[in-house]
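Reader: I'm new to this one and I'd like to learn how to read it. Can you walk me through it piece by piece?

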Amino acid sequence: SLSKLDLADNQIDDAGAVQLAAALKANSSLTKLQVYNNNIGQAGFVLLVEALKYHPSLTRFRPDPLSR
């Protein structure tokens, strides 16, 4: 099962965040997710945060460079 996912610097936008959020709901073992340096707006981040509610084992979420 997937535990770490690094998608930093991949030009992901809100449309990509929609797809990522849907995929995240299918995996509940994620412990680390990095999505900084992308083009995800507020709407995309809201969807990601909602999807991460399915990940009780998540210990690190890095949405932007300021969270390093």
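Author: Happy to. Let's start with a word we'll need: two parts are in contact when they have heavy atoms within 4.5 Å. Keep in mind, too, that this is a predicted model.

Reader: Okay, so what do the buried residues of helix 1 pack against?

Author: They pack against strand 1 (4-6), strand 2 (32-34) and helix 2 (42-51).

Reader: And which residues of helix 1 are the buried ones?

Author: A residue counts as buried when its relative accessible area is under 20%. In helix 1, which spans residues 14-24, that gives Ala17, Leu20, Ala21 and Leu24.

Reader: Where do those buried residues sit around the axis of helix 1?

Author: Here's the general idea: an α-helix has 3.6 residues a turn, so residues three or four places apart point the same way. In this case, the buried residues cover an arc of only 105° around the axis, which puts them on the same side of helix 1.

Reader: What about Gly16, is that buried or exposed?

Author: In between, actually. Gly16 is found in helix 1, and its relative accessible area of 25% makes it partly exposed. Try locating Ile40 as well: it is 24 residues from Gly16 in sequence, yet the two C-alpha atoms are 8.1 Å apart in space.

Reader: What happens at the start of helix 1?

Author: Look for a side chain reaching to the backbone. Here a side-chain oxygen of Asp13 comes to within 3.2 Å of the backbone nitrogen of Ala15.

Reader: Now the strands. How do I read the sheet?

Author: Check the order of the strands, then the direction of pairing. This is an open sheet of three strands in the order 1-2-3, with parallel pairing. Strand 1 and strand 3 (60-62) are the edge strands, each pairing on one side only. From one strand to the next, the twist averages 5°.

Reader: How many bridges join strand 1 to strand 2?

Author: Three, and the two strands run parallel. For a concrete pair, find Lys4: its bridge partner in strand 2 is Lys32.

Reader: What should I look for in the loops?

Author: Try the backbone angle phi. Gln11 has a positive phi of about 55° although it is not a glycine, and you'll find it in the loop between strand 1 and helix 1. Asn37 is not a glycine either, and its phi is positive at about 60°; look for Asn37 in the loop between strand 2 and helix 2.

Reader: How accessible are they?

Author: Gln11 is exposed, with a relative accessible area of 68%. Asn37, at 34%, counts as partly exposed.

Terms used:
Residues numbered from 1 in each chain as written. Predicted model: local features only at pLDDT ≥ 70, side-chain atom pairs only at ≥ 80, totals over all residues. Heavy atoms only, no water. Buried < 20%, exposed > 50% of the residue type's maximum accessible area, 1.4 Å probe, protein only. Helix = DSSP H or I, 4+ residues; strand = E, 2+ residues; numbered from the N terminus. Arc of directions from axis to C-beta. Polar contact = N/O pair within 3.5 Å; in protein donor to acceptor, adjacent residues only side chain to side chain. Pairing = 2+ DSSP bridges. Axes fitted to C-alpha atoms, helices over the stretch in contact; angles between N-to-C directions.
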